[in-house]
Amino acid sequence: MLAGIDLGGTQVRVALARSDGNLITSVKTKTPLLGTPQAMVDWAAAEIDKHRGREKVRSIAIGAPGPIDLKHGILVNPPNLPWRNVPLAAMLSRATGAKVHLANDADMAGLGEFHRGAGRGTRNMVYITWSTGVGGGLIIDGKLHRGAHGTAGEIGHMIIDPNGPLDNCGQRGCLEAFIGGANLARETGHSAAELFGAAAKGDKHARMVVERAARYMGLALISLTNAIDPEMFVIGGGVSRSWALVEPTIVGTLHSSPFIKPARRPRVRRARLGDRAGQVGAVEWARINQ
Ligand SMILES: [Zn+2]
């Protein structure tokens with residue numbers, strides 16, 4: 001048996017699956033209710049134990065917010081959790097007896113969409129999560145591409161304007177500084193949900209801000225297409241709920257590139273698995289690494 005865990009700042013989800021990756025059950029709770037990393041590990045181990053029946057769980061993957069020390073399975077300093085340098089893989093391995101793989105949450109969501117969501121049937125796919133921040137996961141030749149240091153796919157930190165605003169990462173003019181929900185909220189004085197809601201109702205200023213953000217996303221897709229040549233972009237995260245508002249501009253911008261000829265234009269799709277993508281991807285990662 002396999003298990004996949006999606007650890008976020010607000011929720012933690014545990015999914016149990018057969019060794020072919022087919023889900024048996026999944027449970028979730030609120031991360032802050034658990035408090036400490038050890039309490040989270042104990043809760044996850046107890047849930048796995050409760051649902052595994054007589055079967056042994058051999059492999060578990062955890063998708064967690066970066067930065068992560070992939071080699072040692074350590075959660076370094078997630079931005080939305082007060083946990084520092086937690087050896088999560090070793091802790092969960094001790095509690096369950098399983099092999100545990102700690103991975104980046106956006107990578108796991110991308111893997112989920114690739115194997116069981118919008119990206120099924122592709123070989124080269126770029127997953128982008130567009131929410132408070134902007135992250136991504138790269139699937140190249142059918143495999144998750146993590147890069148030399150495990151940090152590939154940081155799409156939000158591609159620089160699109162060297163004179164742009166300063167981002168949290170220390171760089172100036174990152175994609176995320178322009179279109180991340182937190183930065184859009186700061187810029188407009190409304191939460192991202194309010195901004196997209198107003199745009200949907202036809203508010204002119206909100207529409208302009210959303211359209212500009214979608215255009216920047218489209219420009220990022222042009223750069224990514226030139227660098228990676230994917231068959232498909234899959235866009236998930238909170239903003240993808242406003243798909244009808246952003247899709248025409250994203251696709252229109254991508255298609256406006258005279259360099260990317262129609263024959264090599266990637267498709268642009270909305271993610272299909274919603275907030276289950278992370279746990280589904282973690283199960284796949286556990287299966288691949290069992
Ligand atoms: Zn940045």
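This report walks through the two sheets, the helices against them, the shared core and one exposed loop residue of a predicted model.

Some ground rules come before the tour. Residues are counted from 1 along each chain, in the order its sequence is written. Because the model is predicted, local features need pLDDT of at least 70 and side-chain atom pairs count only at pLDDT 80 or more, while totals for chains, interfaces and linings use all residues.

**The two domains**

The protein chain is assigned domain 1 (2-103) and domain 2 (118-272), with bounds that come from an automatic or database domain assignment. Taken over C-alpha atoms, the centres of the two domains are 28 Å apart.

**The sheet with strands 1, 2, 3, 4 and 7**

Helices and strands here are DSSP runs numbered from the N terminus (helices are H or I with at least four residues, strands are E with at least two). Two strands count as paired if DSSP finds at least two bridges between them.

Let's start with an open sheet of 5 strands, in the order 3-2-1-4-7, with mixed pairing. Its edges are strand 3 (23-30) and strand 7 (99-104), each of which pairs on one side only. From one strand to the next, the twist averages 15 degrees. Angles like this run from 0 to 180 degrees between N-to-C directions, with axes fitted to C-alpha atoms and, for helices, over the stretch in contact.

Here is how some of the neighbours in this sheet pair up:

| Strands | Direction | Bridges | One bridge pair |
|---|---|---|---|
| Strand 1 and strand 4 | parallel | 5 bridges | Leu-2 and Ser-59 |
| Strand 1 and strand 2 | antiparallel | 6 bridges | Gly-4 and Ala-15 |
| Strand 2 and strand 3 | antiparallel | 7 bridges | Val-12 and Thr-29 |

Two hairpins show up along the way. Strand 1 and strand 2 make one with 3 residues between them. Strand 2 and strand 3 make another with 5 residues between them, and Gly-21 in that turn has a positive phi of about 100 degrees.

Strand 2 is mostly covered, with 6 of its 7 residues buried. A residue is called buried if 20 or more other C-beta atoms lie within 10 Å of its own, exposed if 12 or fewer do, and partly exposed in between, with C-beta atoms placed from the backbone.

**Helices on that sheet**

Helix 10 (residues 277-288) lies across strands 1, 2, 3, 4 and 7, at about 140 degrees to strand 1. Helix 3 (residues 88-96) has Leu-88, Ala-89, Met-91, Leu-92 and Thr-96 as its buried residues. They sit on the same side of helix 3 because they cover an arc of only 165 degrees around the axis, the arc being that of the directions from the helix axis to the C-beta atoms. Their cover includes helix 2 (37-51), strand 4, strand 6 (74-75) and strand 7. Just past the end of helix 3, Gly-97 takes a positive phi of about 80 degrees.

**The core**

The largest nonpolar core has 83 residues, and Ala-3, Ile-60, Ile-62 and Leu-92 touch the most other members. Such a core is a set of buried Ala, Val, Leu, Ile, Met, Phe, Trp, Tyr and Cys residues joined through C-beta atoms within 7 Å. Helix 8 (residues 204-228) gives the most to this core, at 11 residues. Both domain 1 and domain 2 supply at least three residues each.

Take a closer look at Ile-60. Beyond its neighbours within four places in sequence, Ile-60 has contacts that include Ala-3, Leu-92, Thr-96 and Ala-286; a contact means that C-beta atoms, placed from the backbone, lie within 7 Å.

**The second sheet**

Another open sheet of 5 strands runs in the order 10-9-8-11-12, again with mixed pairing. Strand 10 (143-145) and strand 12 (267-270) are its edges, each pairing on one side only. The twist here averages 25 degrees from one strand to the next. Strand 11 (residues 232-236) and strand 12 pair in the parallel sense over 4 bridges, with Ile-235 bridged to Arg-270. Helix 8 packs on this sheet, touching strand 8 (125-130), strand 9 (134-140), strand 11 and strand 12.

**Out in a loop**

Finally, Pro-162 lies in the loop between strand 10 and helix 5 (175-179). Pro-162 is exposed because it has 8 other C-beta atoms within 10 Å. Not counting residues up to four places away in sequence, Pro-162 touches Arg-172 and Gly-173.

Notes: Two residues are in contact if their C-beta atoms, placed from the backbone, lie within 7 Å.
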